[in-house]
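I opened the notebook to go through a few sites one by one. The entries below follow the order in which I looked things up.

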Amino acid sequence: MKLITVKNADEMGKYAGDIFAEAIGAKPDIVLGLATGSTPLPLYADLIRRYEAGGLDFSQVRTVNLDEYAGLPGTHEQSYRYFMDENLFRHINIDPANTHVPDGCAENLDDECARYDALIDGFGGIGLQLLGIGRNGHIGFNEPSGAFSKGTQTVLLAEATIEANSRFFADPAEVPRMAITMGIRHIMLARKIVMVAGSEKAGIIDQAVNGEITPLVPASALQMHPDATVILALE
Ligand code: PGA
């Protein structure tokens, strides 16, 4: 696991943008695993800039997002489908049919999890996976627990996660308690992983990179990945 430190969020976006641009250039139909949250925003802004400058073509790119709130339709402003459309997809030449986010409103969430796993397997796995990290070490919505998750699954969100995410909701009571998340298995099978983190995550990044490999710090699994890079912004 390689740890890169950069000055600030802008530099993080550019550094990660270089990795994404190179990967898309090398394989125009690459499968990108994408993440939501505040931290990836400078990367998405960087990718949009490169696209607008004519340097990046998303016409064949396929994407699978890590997670989605249960019970929020894609039209809800706090859904992760909405986030991706607003912050990346509608600004680039990606085919919307090639963008995938778990359906948090599926009638049967277990079937939706199985469908999502089959979708990723059908793609032959993920070429480049972007991750943020929660203050509790979660990746996607894989919260600290007694065992590493495997496939896509429904999860109850940790109190710390609900509290962190309540900043986006007018009423904290509106924050969904449940979500669908890709499991650690497909994340670990990605051929390359890039994790982005701001300075407020420095403590948990230290644990994830240098500490014990434990499902109590889900991001610590990345220590076992052959090509994982963590980009930490220092301010
Ligand atoms: P953040 O979320 O980028 O908004 O801090 C990251 C996460 O919880 O995975």
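Which atom does a polar side-chain atom of R167 approach, and at what distance? I found an oxygen atom of the ligand, 3.2 Å away. I note that the model is predicted.

**Entry: the ligand**

I stayed with the ligand and looked up H138. A polar atom of the H138 side chain sits 2.7 Å from a ligand oxygen. At S38 the backbone takes part: one of its polar atoms is 2.9 Å from an oxygen atom of the ligand. I then checked how much of the ligand is covered. On its own it exposes 280 Å², and the protein buries 81% of that. I also listed the surroundings: G37, S38, T39, G132, I133, G134, H138, R167 and K201.

**Entry: strand β2**

Next I looked up β2, residues 31-34. Is one face covered, or both? Both are: V31 and G33 are buried on one side, L32 and L34 on the other. I traced the pairing next. β2 runs parallel to β3 (residues 62-65), and four bridges join them. In that pairing V31 faces R62 of β3. Between these two strands the chain passes through helix α2, residues 41-52, in a right-handed β-α-β crossover. β2 also pairs with β6 (residues 128-131), again in parallel, through two bridges. There G33 has Q129 as its bridge partner.

**Entry: D57**

I followed the chain into the loop between α2 and β3, where D57 lies. Is D57 buried or exposed? I put it in between: D57 is partly exposed, because its relative accessible area is 40%, and the range for that class runs from 20% to 50%. Its side chain makes a polar contact of 2.8 Å with the side chain of N93. The D57 side chain also reaches the backbone nitrogen of S59, at 2.9 Å. Beyond four places in sequence, D57 touches I24 and N93. I took one long distance too: 28 Å separates the C-alpha atoms of D57 and K2, which are 55 residues apart along the chain.

**Entry: H225**

Last, I looked up H225, in the loop between α7 (202-210) and β10 (228-233). Its relative accessible area is 4%, so I count H225 as buried. What lies around H225, leaving aside neighbours within four places in sequence? I found contacts with I187, M188, A190, R191, K192 and I193. With M188 there is also a polar pair: the M188 backbone oxygen lies 3.4 Å from a polar atom of the H225 side chain.

How values were computed:
Residues numbered from 1 in each chain as written. Predicted model: local features only at pLDDT ≥ 70, side-chain atom pairs only at ≥ 80, totals over all residues. Heavy atoms only, no water. Buried < 20%, exposed > 50% of the residue type's maximum accessible area, 1.4 Å probe, protein only. Polar contact = N/O pair within 3.5 Å; in protein donor to acceptor, adjacent residues only side chain to side chain. Contact = heavy atoms within 4.5 Å. Pairing = 2+ DSSP bridges. Right-handed = clockwise from strand over helix to strand, strands pointing away. Near = heavy atom within 4 Å. Areas by Shrake-Rupley, 256 points an atom, 1.4 Å probe, with all protein chains shown as cover.
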